[in-house]
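Please open the structure in your viewer and keep the selection tool at hand. The tour begins with the whole chain and then moves to single residues.

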Amino acid sequence: MMPLPTHLKDCIVPDETTIDETNLAGRIRCDCESLKFQFLYPGQTNTWNGEIGPCTAEIGGKFFFLIRARCADCGKEHLLIDSDFHGWDGFVGHRPEQASLPRPPLVVWNCVSCGGRDHYGRIEIETEGKELCLEEAHGAIAEDRWQDAFGWFTISIECANCGKKSPEWMSLETM
């Protein structure tokens, strides 16, 4: 698996331990060891593959996509993705004017089956590999940060109350 992106080092437990350039998959876990979270998003949704999930929000003519996970046990929030800072566009193509805007208020995701707020979560991150990332970035990123220029980010969730699984609750191409 690829190295953990810098912003996720404290909240992702990878499925594999071998570091290479393949895609990353792992579960979301808080510093307190809890696996239960309330997922926060900007409040707008769409339907993808028959499932409802969060999507990019247009607020005041500006576009935002970010997801936070708030630990159900200790309350600590973990920023899982903000398209203005993470992935290819947010890291390599960073736009300071957009990134400096205040982040929109976030709302807690409620299970579409039972209304429950607590969920378990997993992430999957796809990469083009170190060599291609560095080549395509044309010197815009440091070699030891190539994993921050990932191309695709997916979160799957499972309701802690009823067990409803959303295998692609959110999926974002970052290039």
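## The whole protein

With the cartoon view switched on, you can follow three helices and 13 strands through the protein, bearing in mind that this is a predicted model. Show the C-alpha atoms alone, and they fill a box of roughly 50 × 40 × 30 Å along the principal axes. The radius of gyration is 16 Å, which agrees with the value near 16 Å that a compact globule of 175 residues would have.

Next, switch to a surface view, where the accessible surface comes to about 8800 Å² and 47% of that area belongs to carbon and sulfur atoms. Buried residues make up 41% of the 175 residues, and of the contacts with a separation of 6 or more, 60% are between residues 24 or more positions apart. If you colour by charge, look for 16 positive and 28 negative side chains, two sets whose centres lie 9 Å apart.

## Helix α3 and the loop after it

Select Leu134, which is placed in helix α3 and is partly exposed, with a relative accessible area of 23%. Leaving aside neighbours within four places in sequence, Leu134 is in contact with Gly139, Ile141, Ala142, Glu143 and Trp146. Then add Arg145 to the selection, eleven residues from Leu134 along the chain, and the C-alpha atoms of the two are separated by 9.4 Å.

Move on to His138, in the loop between α3 and β12, where the relative accessible area of 69% means that the residue counts as exposed, the cut-off being over 50%. Most residues other than glycine have a negative phi. His138, however, has a positive phi, near 50°.

Now select Gln147, which is also placed in the loop between α3 (130–137) and β12 (152–159). Is Gln147 buried or exposed? Gln147 is buried because its relative accessible area is 6%, and buried means under 20%. Not counting residues up to four places away in sequence, Gln147 touches Met2, Pro3, Leu4, Pro5 and Thr6, so it is worth displaying those five side chains together with Gln147.

## A last stop at Asn49

Finally, go to Asn49, which is found in the loop between β4 (45–48) and β5 (51–54). Asn49 counts as exposed, at 63% relative accessibility, and phi of Asn49 is near 50°, a positive value in a residue other than glycine.

Conventions:
Residues are numbered from 1 along each chain as its sequence is written. This is a predicted model: local features need pLDDT of at least 70, side-chain atom pairs count only at pLDDT 80 or more; totals for chains, interfaces and linings use all residues. Side-chain values use heavy atoms; hydrogens and water are left out. Helices (H or I, at least four residues) and strands (E, at least two) are DSSP runs, numbered from the N terminus. Buried means under 20% relative accessible area, exposed over 50%, partly exposed in between (1.4 Å probe, protein chains only). Contact means heavy atoms within 4.5 Å. The radius of gyration is taken over C-alpha atoms; the globule rule is 2.2 Å times the number of residues to the power 0.38. Accessible areas come from the Shrake-Rupley method with a 1.4 Å probe; for residues, only the protein chains shown count as cover. Lys and Arg count as positive and Asp and Glu as negative; His and the chain ends are not counted. The place of a charge is taken as NZ of Lys, CZ of Arg, CG of Asp or CD of Glu.
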